[in-house]
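Here is a short report on one protein model. It looks at charged pairs, helices and cysteines in turn.

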Amino acid sequence: MALRHAVLAALLDEELSGYQLAKSFDLGVANFWHAQPQQVYAELARLEADGLVAGREVVQESRPNKRLFKLTGEGLAELERFAVAPAKPSMLRDDLAVKVQAGDLVDTGQVIGQLRERADFARAKIELFESLLVKLRGGRSEEEFLREGERIGPYLTCLGGLVFERGYLQWCERITGILQARRDGGAAR
């Protein structure tokens, strides 16, 4: 998947500024795609040049003017082509996993500290995803929302992010326990 498809998907529901779009990559979209703000702005420019999004200037009195972007018919068609194309398998590329792999060569105290930091990050993401899911449901039960909701795609991807972070948290906690037990000379948990 290219960044372009993640940007197009983020514009499915509403017109957004580059700033709002970059923020959405920090929150909702972050569970399936990460991008720096400058990458998002550059991609918006390419998408607009390709006719996949349309931008318009909004004049603001007390602040600089901003540009809002929306999906065009061509952009929607591109997203539809992408959605029906075969998906490539996901690959885990995680520097912390590499550090754990090499953990036998170094003092594991540093690796344990990083695992604990990543576990804290996972807990914060879990809390964020859980609150986003409640917000997306709009007062409905999950079953009711999934049965009757107008657009469930963002909800389902948020569920994926929640499952991923819960699994990553479990991994961090387990590996931390194993490494700590080995440091302490005890049996691994």
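## Salt bridges in the model

A salt bridge here is a side-chain nitrogen of Lys or Arg within 4 Å of a carboxyl oxygen of Asp or Glu. The model is predicted. Across the whole structure, a search finds 13 salt bridges.

One of them joins the side chains of arginine 46 and glutamate 43, at 2.9 Å from N to O. Both residues belong to helix H3 (residues 37-49). They sit three residues apart, about one turn of the helix. Their exposure can be stated for each partner. Arginine 46 is partly exposed, at 43% relative accessibility. Glutamate 43 is buried, at 7%. The pair also belongs to a wider group: Arg4, Glu43, Arg46 and Asp50 are linked in a network of salt bridges.

## A bridge between H6 and H8

Arginine 123 and glutamate 173 form a salt bridge through their side chains, at 2.9 Å from N to O. This pair links distant parts of the chain. Arginine 123 lies in helix H6, and glutamate 173 lies in helix H8 (residues 153-184), 50 residues apart. Arginine 123 is partly exposed, with 37% relative accessibility. Glutamate 173 is partly exposed too, with 41%.

## Helix H4 and its buried face

Helix H4 covers residues 73-84, twelve residues in all. At 1.5 Å a residue, H4 should span 16 Å. The end C-alpha atoms of H4 are 17 Å apart, which agrees.

Which residues of H4 are buried? They are Gly75, Glu78 and Leu79. Seen down the axis of H4, these buried residues fall within an arc of 100°, so they line one face of the helix. They pack against H1 and strand S3 (66-71). The face of H4 turned away from the buried side carries the exposed residues Gly73 and Val84.

## Glutamate 78 and its partners

Glutamate 78 is buried, with a relative accessible area of 18%. Its side chain meets that of arginine 81 in a salt bridge, at 3.2 Å from N to O. Arginine 81 and glutamate 78 are separated by about one helical turn, because they are three residues apart in helix H4. Arginine 81 is partly exposed, with a relative accessible area of 49%.

Glutamate 78 also has a partner in helix H1. The side chain of histidine 5 makes a polar contact with the side chain of glutamate 78, at 2.8 Å. Histidine 5 sits in H1, which runs over residues 3-10. Histidine 5 is buried, at a relative accessible area of 11%. Leaving aside neighbours within four places in sequence, histidine 5 is in contact with Glu78, Leu79 and Phe82.

## Helix H6

Helix H6 covers residues 108-137, which makes 30 residues. Its expected span, at 1.5 Å a residue, is 44 Å. The end C-alpha atoms of H6 are 43 Å apart, in agreement with that value.

The buried residues of H6 include Thr108, Val111, Ile112, Leu115, Ala119 and Ala122. Charged side chains are also on the buried list, among them Arg118, Lys125 and Arg137. Just after H6, glycine 138 takes a positive phi of about 60°.

## Glycine 18 at helix H2

Glycine 18 is in helix H2, which spans residues 18-26. Is glycine 18 buried or exposed? Glycine 18 is buried, with a relative accessible area of 6%.

Leaving aside neighbours within four places in sequence, glycine 18 is in contact with Val40, Tyr41, Leu44, Arg67 and Phe69. Glycine 18 and alanine 45 are 27 residues apart in sequence. In space they are 9.8 Å apart, C-alpha to C-alpha.

## Cysteines without a bond

A disulfide is a covalent bond between the sulfur atoms of two cysteines. How many disulfides does the structure hold? The structure holds zero.

Why does cysteine 158 have no bond to cysteine 172? The sulfur of cysteine 172 is the closest cysteine sulfur to that of cysteine 158, yet it is 19 Å away, too far for a bond. A disulfide needs the two sulfur atoms within 2.5 Å. Cysteine 172 is likewise in no disulfide. Cysteine 158 is buried, with a relative accessible area of 2%. Cysteine 172 is buried as well, at 0% relative accessibility.

Note on methods. Residues numbered from 1 in each chain as written. Predicted model: local features only at pLDDT ≥ 70, side-chain atom pairs only at ≥ 80, totals over all residues. Heavy atoms only, no water. Helix = DSSP H or I, 4+ residues; strand = E, 2+ residues; numbered from the N terminus. Buried < 20%, exposed > 50% of the residue type's maximum accessible area, 1.4 Å probe, protein only. Polar contact = N/O pair within 3.5 Å; in protein donor to acceptor, adjacent residues only side chain to side chain. Contact = heavy atoms within 4.5 Å. Expected span 1.5 Å × (residues − 1). Arc of directions from axis to C-beta.
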